[in-house]
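Trainee: I'm new to this one. Pick a single part, please, and take me through it slowly, strand by strand, with whatever packs around it.

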Amino acid sequence: MPPVAAESHTGAPVLYPATVAPDQSCVSAEDAAVSVGDPVAVSGDESYAAVRRAVSGAATAAANRSWWDAEADDYYIEHGAFLGDAGFVWGPEGWTEEQLDLLAARPGQRLLEIGAGAAQCGRWLVDQRGVTVVSSDISAGMLRVGARISRARGIRLPLVQCDATALPFAEASFDTVFTSYGAVPFVADSGRLMREAARVLRPGGRFVFSTTHPIRWAFPDEPGPAGLTAALSYFDRTPYAETDAGGTLTYAEHHRTLGDRVREIVAAGLVLVDLVEPEWPDGNDQTWGGWSPLRGAHLPGTAIFVTRKPA
Ligand SMILES: C[S@@+](CC[C@H](N)C(=O)[O-])C[C@H]1O[C@@H](n2cnc3c(N)ncnc32)[C@H](O)[C@@H]1O
């Protein structure tokens, strides 16, 4: 991966180091096209197909990095107002860190955001909690949007490009590691991600992450009534994969059941403190992909895992 040109909050161009281990995500186009097993069609048209099929970790990282690079500006246009340039929302339900205080961040602490996207959460913490945050993401495109916002808002926030499964930080470097919907479902080996988060945490520190609630994998990703009938197996861990017309993987998400997640957390040496299932609040009328007020009234959409490294 070449160094990533971006802009600091002052507007001066800076270079972020290439921090992704070559064996993790710097893969050739041929590797990115690798698939294992028989694809099961979910939907498709002539230029794009969505299937459930096995995909490798390297192919997942390469595809998702490219996908988020390409989507970065459009994603900000579509969701930037909901997220807030310096806002911390835990998911489409709209619950904020201001309301939930799951990080329990206190002035002077050092925090690491993984899968930060444009780092809205990191910016909110710096602005509102008097902490130091490093925000990281695999996608240079998402970080570029983040650098642009930081500059416009005059908020200082270091950005690092790296894969959340290979963090370029020393052991016990941070009081808290967190992500709102970043990285966790976008990696093949989320157990490794948990171990990396645990490694860079100081004893007693927290790792808090939100992700799609696992039960959602049993339902079609539809915001309307069609999304209320379980049509798929909750227990089927086969990844969701999108491919282009040439069959190259362009996007992937990986499913874990609730039990899988708990086992990954425990295996990483972390303690599960809480599992928050935010309910859809009155007054949130927005639809975000398959998340909607209708589905929110019946099903959990988000799971927030609050974990702690033993002191
Ligand atoms: C839905 S966004 C979440 C970011 C932000 N909190 C938000 O709500 O917009 C998912 C982010 O995860 C990042 N991501 C995907 N795979 C990753 C990986 N292996 N390591 C680090 N970040 C990753 C993507 O680049 C993307 O910016």
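Mentor: Let's start with one pair of residues: the bridge partner of Thr 212 in strand E13 is Thr 302. Keep in mind that this is a predicted model, where local features need pLDDT of at least 70 and side-chain atom pairs count only at pLDDT 80 or more, while totals for chains, interfaces and linings use all residues. Residue numbers run from 1 along each chain as its sequence is written.

That bridge belongs to a set of 7 joining E9 to E13, and the two strands run antiparallel. The names come from DSSP runs, numbered from the N terminus: helices are H or I with at least four residues, strands are E with at least two. Two strands count as paired if DSSP finds at least two bridges between them. E13 also pairs with E12, again in the antiparallel sense, over 5 bridges. There, Val 306 in E13 is the bridge partner of Asp 274.

Is E13 out in the open or enclosed? 7 of the 7 residues in E13 (residues 302-308) are buried, so the strand is largely enclosed by the rest of the structure. Buried here means 20 or more other C-beta atoms within 10 Å of the residue's own (12 or fewer is exposed, in between is partly exposed), with C-beta atoms placed from the backbone. Thr 302, Ile 304, Val 306 and Arg 308 are buried on one side, and Ala 303, Phe 305 and Thr 307 on the other, so to speak front and back, which leaves both faces of E13 covered. Across the whole protein, 43% of the 311 residues are buried.

Now zoom out to the sheet. It is an open sheet of 7 strands, ordered E7-E6-E5-E8-E9-E13-E12, with mixed pairing. Strand E7 (159-161) and strand E12 (271-276) stand at the edges with a single partner strand each, so one side of each has no neighbour in the sheet. From one strand to the next, the twist averages 20°; angles run from 0 to 180 degrees between N-to-C directions, and axes are lines fitted to C-alpha atoms, for helices over the stretch in contact.

Head over to the E7 edge. Strand E6 (residues 132-137) pairs with E7 in the parallel sense over 3 bridges, and Gln 161 in E7 is the bridge partner of Asp 137. Helix H6 (residues 140-153) packs on the sheet here, touching E6 and E7, and its direction makes about 170° with that of E7. Contact means C-beta atoms, placed from the backbone, within 7 Å.

Helices pack on each other too. The axes of H3 and H6 come within 6 Å and cross at roughly 35°. Residues of H3 in this contact include Trp 68, Asp 69 and Tyr 76, meeting H6 residues such as Ala 140, Met 142 and Arg 144.

Back toward E9, the buried residues of helix H7 (residues 190-200) include Leu 193, Met 194 and Ala 197. H7's buried residues pack against strand E5 (110-113), strand E8 (174-180), strand E9 (201-212) and helix H8 (258-267). Phe 207 touches Val 177, Ala 197, Ala 198, Leu 201, Leu 270 and Thr 307, leaving out residues up to four places away in sequence. That list ends with a residue you've already met in E13: Thr 307.

Technical notes. Two residues are in contact if their C-beta atoms, placed from the backbone, lie within 7 Å.
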